[in-house]
Amino acid sequence: MTSAKQGLSKKLLTRVLSVYFVLTLIVTAGQIVTEYLNAKSHIESELQTLKNTFSTSLTRAIWELNTPQAKSIAVGLMELPIVEGVQIRDENGNYISNLGRTSELSNESITKGVVRDHSGGTFGYSFPLIFEFSGRTSLVGDVTLYSSSDIIFGRIEVGIFFLLGNAIVKTAFLVFLFMSAFRTMLTNPLNELTQQISDFNLNDPNSSKLDLSINENNELKVLETSYNKLIDEIIDYQAKLAGTQNELQQANRRLDDQNISLEEDVAKKTATLSKIMLDLEQQKDELLINQRELRQENENRQFIEDELRKRNSELATSMETIQLAKDQLVESAKMASLGGLVAGIAHDVNTPLGVGVTATSFLQDRVDKLKVAYEDKKLTGSTMSSFISEAQQTITLLTNNLNRASDLISSFKQVAVDQTSEAEREINVSEYLIEIVQSLAPSIKKTQHTIDVHCPDDLTIKCAPGVLAQILTNMIMNSLIHGFENKPKGSIDINITQQDNNLLIHYSDDGKGLDKITLGQHFDAFFTTKRGEGGSGLGTHIMYNLVTQTLKGKIQASSELGEGLHYKISIPM
């Protein structure tokens, strides 16, 4: 009893202190997080201030191709206490300077200042470098300044120690206060109450009354009064119980004599009846057992039938869902391929158009100067000759870049329309292959890989061109992503011929190839060696379905490790 009462007071004290500890921990943690976020916000503001200070000089240095000056500015930025890393890139995403503690950046263009968190506790502020020329702006590069959580903690270290010390002092004081109060007001009175109750003597209840020496009129005083009143009532009941027990003993003696007489009569009359009842009860039990077994068997059969119907229904629904999901995944894979094509072509078209805009601005500036010289009657032969020479060079630059953009857009337009349409038309295979390869130029131009196409110039076929484009695109992208992985320079050879009434496509690369197990699963849906790295396992499956079902042709794949991958496709013309 004593340990139970002590446990009650300890549990109450423990819960009160636990709630206080949790609240103190949450408040202290919130204050530390607030200090951290405020310090981080100040550092981000200082990084933005550095942008206003150094962006103009960095922009001019990169525009003038003064790389040493740009690197010198980067070294100067590294000397600042809040800067742990500096990255300076040109408009093509190439690094001019990469100093200190930095992270790998994506190739997307940065058009406005943005703060990003990176792994390892670092965060960076990136902003573009824009040069204004003749009223026009040009993106010449971008800069990323890095700082880290170590710098933030260095700034708020004293404040954190102060918060922790303050929390510890307050907690220690309140623990002492609570323990003293609980010991005086609860633990000691409960221990005394427990001890006196444990010494209760049933033979002498009057000596077991409580005396807690409590002057206050609280719950323990009420408990003492009620307990003593209960003992008084027990004493009265004991006296009454003694008299009643004597009367009950006399009545029991008379009743026992009568029971003995009745039991002898009943035993004689029920002996025969008991035997008959036992036989009937045994027969009844056997009948009930047979009924339960029959009922259980019927219920089991009905349950099995219901489960079979349910499983058949679920299986049919699952097959429909799987087929729908597969069709949706195949369509998503096609649109993802077209999305990559759009992104690459848009990036390539941007360069010649940007050059054209700059050249137009330059030509407009020269025309304005020529007009001023003519109106001021200061036009000379040398001025006119210089203008004609510069105008011819600018027009040549404009013509070349606009033709380049026009060719890219034309190729992209035809291939994109074909990939989203299943309409059949007659195409020149050689010319269409050139358009497909040109549409994939953004994925190839930054590598040393080569694609050689061999096809008769007069070979034509009537089919859905988008299907043919999807097949060749999947084969080429698989070679670039999987076959040429970790290989700086690879070669792809596409040889197309006509045999009887069939179009034969022989495709081969000199990549790393496939082993026999992987080759056996090459055309299976959702099988990929890039699981978790963006691979869906649908590329070759889509290619197989397009050849065998859409074009009614045949496709075979052969490969060995280190010997590249080879496809042989036959399509009825």
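The dialogue below walks through two sheets, one buried charge and two unusual backbone angles in a predicted model.

User: Which strands make up the open sheet with mixed pairing, and in what order do they lie?

Analyst: In this predicted model, the open sheet with mixed pairing has 5 strands, in the order β7-β9-β10-β12-β11. Its edge strands are β7, residues 450-454, and β11, residues 554-559, each of which pairs on one side only. From one strand to the next the twist averages 10°.

User: How many bridges join β12 to its partners β11 and β10, and which residues stand opposite each other?

Analyst: Strand β12, residues 565-572, runs antiparallel to β11 and is joined to that strand by 6 bridges. Among the facing residues, A557 stands opposite Y567, I555 stands opposite I569, and Q556 has K568 as its bridge partner. With β10 the pairing of β12 is again antiparallel, through 7 bridges, and here N502 is found opposite P572.

User: How many residues lie between β11 and β12 in their hairpin?

Analyst: The hairpin formed by β11 and β12 has 5 residues between the two strands, and G562 in this turn has a positive phi of about 85°.

User: How should I read the side chains along β12, and which of them are buried?

Analyst: The general idea is that in a regular strand the side chains alternate between the two faces of the sheet. In β12 the residues L565, Y567, I569 and I571 point to one face and are buried, whereas H566, K568, S570 and P572 point to the other face and are not buried.

User: Which strands does helix α8 lie across, and which does helix α10 lie across?

Analyst: Helix α8, residues 465-483, lies across β7, β9, β10 and β12, and runs at about 15° to β10. Helix α10, residues 539-550, lies across β11 and β12, with an angle of about 140° to β11.

User: What is the strand order in the open sheet with antiparallel pairing, and how many strands does it have?

Analyst: That open sheet has 5 strands in the order β2-β1-β5-β4-β3, with antiparallel pairing. Strands β2, residues 95-100, and β3, residues 114-117, stand at its edges with a single partner strand each, so one side of each is left without a neighbour in the sheet. Ignoring direction, neighbouring strands of this sheet are turned by 20° against each other on average. The antiparallel strands β1 and β2 are joined by 5 bridges, and R89 has Y95 in β2 as its bridge partner. Helix α2 lies across β1, β2 and β5, running at about 20° to β2.

User: Where is D90 found, and what is the nearest side chain of opposite charge?

Analyst: A charged side chain can be read by asking about its burial, its salt bridges and its polar contacts in turn. D90 is found in strand β1, residues 85-90, and is buried yet has no salt bridge, the nearest side chain of opposite charge being R89, 6.9 Å away; a salt bridge would need a side-chain nitrogen of Lys or Arg within 4 Å of a carboxyl oxygen. The side chain of D90 does, however, reach the backbone nitrogen of N92 at 3.0 Å and the backbone nitrogen of N94 at 2.8 Å.

User: Which residues is D90 in contact with once its neighbours within four places in sequence are left aside?

Analyst: With those neighbours left aside, D90 is in contact with I96, V140 and G141.

User: What is the phi of L65, and is this residue buried or exposed?

Analyst: As a general guide, most residues other than glycine have a negative phi. L65 has a positive phi of about 60° although it is not a glycine, and this residue is found in the loop between α1, residues 2-63, and α2, residues 67-78. At 72% relative accessibility, L65 counts as exposed, because the cut-off for that word is over 50%.

User: Where is N486 placed, and what is its phi near?

Analyst: N486 is placed in the loop between α8 and β9, and its phi is near 60°, which is a positive value in a residue other than glycine. N486 is exposed, with a relative accessible area of 78%.

Note on methods: Residues numbered from 1 in each chain as written. Predicted model: local features only at pLDDT ≥ 70, side-chain atom pairs only at ≥ 80, totals over all residues. Heavy atoms only, no water. Pairing = 2+ DSSP bridges. Helix = DSSP H or I, 4+ residues; strand = E, 2+ residues; numbered from the N terminus. Axes fitted to C-alpha atoms, helices over the stretch in contact; angles between N-to-C directions. Contact = heavy atoms within 4.5 Å. Buried < 20%, exposed > 50% of the residue type's maximum accessible area, 1.4 Å probe, protein only. Lys, Arg positive; Asp, Glu negative; His and termini not counted. Polar contact = N/O pair within 3.5 Å; in protein donor to acceptor, adjacent residues only side chain to side chain.
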